[in-house]
Amino acid sequence: MIFGNFDHTNMMMTNIKTGKGIFWVSLLLLLIIILLHHSIITIEDEEEPKAELEIFQSENGWGYQIVVRQKVLIYQPTIPAIDTIMPFPDEVSTRKVGLLVLKRFNAHRNFSVSKKKKLFNDYLVATIL
């Protein structure tokens with residue numbers, strides 16, 4: 001009988017240790033879940049700032065720049081993708097090309113400009129592919 005009591009006592013101690021282990025593992029998992037939830041909320045709160053289009057007039061014509069957080073990322077004083085260095089002839093054509101570039105930039109797509117021709121107000125300007 002002494003042997004039986006020892007075995008029963010040993011089983012009770014094992015159950016207590018297992019219970020404590022489950023408690024600590026559960027507590028650790030809960031802490032990890034809370035930390036992950038907090039970090040996901042923090043990441044969602046930090047929205048990526050959108051780029052903005054600024055049109056400017058130069059000596060010979062017009063140009064545009066794409067700005068994020070007051071930093072100029074794209075400075076385009078001339079019509080892109082043509083052989084000659086020529087500024088945009090007017091504000092309307094500058095804005096149309098600039099808005100196309102801005103739309104692609106904000107969508108994280110290729111915003112390069114090709115020589116594909118399109119007529120805006122009787123002026124030849126480059127358009128987005």
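In this predicted model, Gln65 offers a convenient way into the fold, with its place in strand β2. Setting aside neighbours within four places in sequence, Gln65 is in contact with Glu52, Leu53, Glu54, Phe56, Val72, Ile74 and Tyr75. Gln65 counts as buried because its relative accessibility is 15%, and buried residues are those under 20%. A further spatial relation links Gln65 to Val101: the two residues are 36 apart along the chain, and their C-alpha atoms are separated by 9.9 Å.

The strand that carries Gln65 belongs to an open sheet of 3 strands, ordered β1-β2-β3 and paired in the antiparallel sense. The edges are formed by β1 (52-57) and β3 (71-76), each of which pairs on one side only. From one strand to the next, the twist averages 30°. Helix α2 (residues 91-106) packs on this sheet and touches β1, β2 and β3, with a direction that makes about 25° with that of β2.

It is worth looking at the two pairings in turn. Strand β1 is joined to β2 (residues 62-68) by 6 bridges, and the two run antiparallel. Here Glu52 is found opposite Val67 of β2. On the other side, β2 and β3 pair over 5 bridges, again in the antiparallel sense. Val68 has Lys71 of β3 as its bridge partner. The hairpin of β2 and β3 has 2 residues between the strands, and Arg69 in this hairpin takes a positive phi near 50°.

Two further residues invite a similar look at the backbone. Most residues other than glycine have a negative phi. Ala81, however, has a phi near 70°, a positive value in a residue other than glycine. Ala81 sits in the loop between β3 and α2, and it counts as partly exposed because its relative accessibility is 33%. His108, likewise not a glycine, has a positive phi of about 60°. The position of His108 is in the loop between α2 and β4 (113-120). With a relative accessible area of 60%, His108 is exposed, since residues over 50% are classed in that way.

Helix α2 also brings charged side chains into view. The structure holds 1 salt bridge, and the side chains that meet in a salt bridge are those of Arg95 and Glu91, at 3.0 Å from N to O. Both residues lie in helix α2, where they are 4 residues apart, about one turn of the helix. Arg95 is partly exposed, with a relative accessible area of 35%, and Glu91 is partly exposed as well, at 34%.

The remaining feature takes the reader to the surface. Val25, Leu28, Leu29, Leu31, Ile32, Leu35 and Leu36 together make a nonpolar surface patch of about 660 Å². One of these residues, Leu35, is placed in helix α1 (residues 2-45). Leu35 is classed as exposed because its relative accessible area is 52%, and the class begins over 50%. Leu35 in helix α1 thus joins His108 in the loop between α2 and β4 as an exposed residue, whereas Gln65 in strand β2 is buried.

Definitions and conventions:
Residues are numbered from 1 along each chain as its sequence is written. This is a predicted model: local features need pLDDT of at least 70, side-chain atom pairs count only at pLDDT 80 or more; totals for chains, interfaces and linings use all residues. Side-chain values use heavy atoms; hydrogens and water are left out. Patches are made of residues with over 30% relative accessible area and no salt bridge: like charges are joined within 9 Å, nonpolar side chains (Val, Leu, Ile, Met, Phe, Trp, Tyr) within 5 Å. Accessible areas come from the Shrake-Rupley method with a 1.4 Å probe; for residues, only the protein chains shown count as cover. A salt bridge is a side-chain nitrogen of Lys or Arg within 4 Å of a carboxyl oxygen of Asp or Glu. Buried means under 20% relative accessible area, exposed over 50%, partly exposed in between (1.4 Å probe, protein chains only). Two strands pair if DSSP finds at least two bridges between them. Axes are lines fitted to C-alpha atoms, for helices over the stretch in contact, and angles run from 0 to 180 degrees between N-to-C directions. Contact means heavy atoms within 4.5 Å.
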